[in-house]
Amino acid sequence: MAQRPPVADWATDFDHLSDEWAAQGPDILGDLREQCPVAHTDRFHGAYLVSRHADIVETARDTETFSNRITIVNDNHPDNIGLEIPPITLDPPEHGPIRRALLPSFSPKATDELEPTVVAMAEQLLENTKGQDVVDGAIEYAQLLPIDVMGYLFGVSPEMGPSFRRWADGMLKDGLDDLEIARQASREVQEFFATQLRDRASQGDDAPDDLVKTVLQAEAEQPDGTTRPFGRKERIGALFVLMLGGIDTTWSSLGSMLLHLGTHREDLERLVADRDLMPTAVEEFLRYYSPVTIARYITEDAEIAGCPVSGGERVLLAYPSANRDPEYFDRPDDFVMDRQDNRHMAFGVGVHRCLGSNLARMELRVGLNAWLDRYPRFELAVDPDDVKWSVGPIRGPSSVPLRILN
């Protein structure tokens, strides 16, 4: 990221693309929740940030006023962001039929069938670290597992992994303040999936049963009850958003899990000793280290929590902040491994809630279980203050060097 002017006041000059935000995001959001629940900045051609749970829910559900046509706030003017990746950039009623056609691929049944494959992938990645005194839980593990999974689902060679990683970084990190990097990554992704779709079409009935074939054959239900095939933009857009949504969010969450356990020995020992805690632990990790802050485009002048907002600007919905809101969660700033009432919004809220949440939960559970089976005792090998967090709409530790203990 380019050098950015320092923030004068987070309530009136916030910069979620700054290193300070990456390092101290939860603390900054906590202050905003108390002092200025709807912040504004003149950066990014004008943008707002909503930090309270109830306000985020209300804003996310008003899709007419707060459109999904743009889901990111960066230095590029909204008029220059023309990326169409259905269904995420569609609003109701166009959004629903595209989303519903994709849901069966991410159902609990489909996820259960995939689990043994993900287990094998996790075990192989850990086998590759055998004998190391220090393993980077982010770079050597968490950032690789989701890429392997998505490559498998797309039916492509594991050799595509570095390209997937570069494209994700180009769209969600490096391209945030360099439009050409984002455009180049977008072009390459679209060209790649266009080629994959042509290949599946040419194979006909002999095409493998993967996500590319599923999208190629997908049909959207129309208002009169009939169905129609996805169009070209819808096919490429669906594959595009599945790749982006399936990689960086999951690796950020798994990296945060390992960082937490590497710095909280009591939590590590408790989870190793009692794996029945894994379901509630995964949900608490998702709440406590929620990685995603999403944006909406304001279609007309409106209000959020009584605060006027201007049409033509964008608004950030800080899901991580909602998940620490004391009005909604008991002991919100404590990590409670066996928390029972945990209706977090790490996967979003409303019609655009993450359609791959079943897959993500399974990957996180499998990934963490496999790590603990191989490495039940470990600790962070550097000072926690030296851990760098990624800059952008998805927050996770960039590197988590973990010392393996006997």
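**Figure 1. C354 and C307, two cysteines at the partly exposed level.** In this predicted model, C354 has a relative accessibility of 29%, so it counts as partly exposed. C307 falls in that class too, with a relative accessible area of 22%. Buried would need a value under 20%, and exposed one over 50%. If you're hunting for disulfides here, the count is 0. For C307, the nearest cysteine sulfur belongs to C36 and sits 7.1 Å away. A disulfide is a covalent bond between the sulfur atoms of two cysteines, and the cut-off used for calling one is 2.5 Å between the sulfurs.

**Figure 2. The five-stranded mixed sheet.** Here's an open sheet of 5 strands, and reading across it you go β1-β2-β10-β7-β3. The pairing is mixed. β1 (38–41) and β3 (66–67) are the edge strands, each with pairing on one side only. Helix α2, residues 53–61, packs on this sheet and touches β2 (47–50), β3 and β10. Compare directions and you get about 130 degrees between α2 and β10.

**Figure 3. β7 and its two partners.** Zooming in on β7, residues 294–298, you'll find it joined to β10 (residues 314–317) by 4 bridges, with the two strands running antiparallel. To trace the register, start with I294, whose bridge partner in β10 is L317. Then move along to Y297, which has R314 as its bridge partner in β10. On the β3 side there are 2 bridges to β7, and that pair runs antiparallel as well. Y297 turns up again here, as the bridge partner of S67.

**Figure 4. Both faces of β7, side chains shown.** How many of the residues of β7 are buried? The count is 5 of the 5, so the strand is largely enclosed by the rest of the structure. In a regular strand the side chains alternate between the two faces of the sheet. For β7, that puts I294, R296 and I298 on one side, with A295 and Y297 on the other. Both faces are covered, and each of these residues is buried. Yes, that includes the arginine, R296.

**Figure 5. N68 and its surroundings.** N68 is in the loop that links β3 to α3 (95–102). Is this loop residue buried or exposed? Its relative accessibility is 1%, so N68 counts as buried. What is N68 in contact with, once its neighbours within four places in sequence are set aside? The list runs I88, T89, L90 and D91, then R296 and H352. R296 is also one of the buried residues of β7, so this view goes well beside Figure 4.

**Figure 6. The three-stranded antiparallel sheet.** A second view of pairing shows 3 strands in an open sheet, ordered β4-β12-β11, with antiparallel pairing. The edges are β4 (134–136) and β11 (378–380), each of which pairs on one side only. From one strand to the next, the twist averages 35 degrees. β4 is tied to β12, residues 401–404, by 3 bridges. Within that pairing, V135 has L402 as its bridge partner in β12. Helix α10 (residues 232–263) packs on the sheet, where it touches β11 and β12. The direction of α10 makes about 100 degrees with that of β11.

**Figure 7. G30 in helix α1.** G30 is part of helix α1, residues 19–35. With 13% relative accessibility, G30 counts as buried. For a sense of scale, pick N128 as a second reference point: G30 and N128 are 98 residues apart in sequence, and their C-alpha atoms are 40 Å apart in space.

**Figure 8. Pulling back to the full chain.** The close-ups come from a protein chain with 14 helices and 12 strands. A compact globule of 406 residues would have a radius of gyration near 22 Å, and the 21 Å found for this chain agrees with that. Along the principal axes, the C-alpha trace spans about 60 × 60 × 40 Å. Of the 406 residues, 57% count as buried. Take the contacts between residues at least 6 apart in sequence, and 71% of them join residues at least 24 apart. The chain exposes about 18000 Å², with carbon and sulfur atoms supplying 47% of that area.

Definitions and conventions:
Residues are numbered from 1 along each chain as its sequence is written. This is a predicted model: local features need pLDDT of at least 70, side-chain atom pairs count only at pLDDT 80 or more; totals for chains, interfaces and linings use all residues. Side-chain values use heavy atoms; hydrogens and water are left out. Two strands pair if DSSP finds at least two bridges between them. Contact means heavy atoms within 4.5 Å. Axes are lines fitted to C-alpha atoms, for helices over the stretch in contact, and angles run from 0 to 180 degrees between N-to-C directions. The radius of gyration is taken over C-alpha atoms; the globule rule is 2.2 Å times the number of residues to the power 0.38. Buried means under 20% relative accessible area, exposed over 50%, partly exposed in between (1.4 Å probe, protein chains only). Accessible areas come from the Shrake-Rupley method with a 1.4 Å probe; for residues, only the protein chains shown count as cover.
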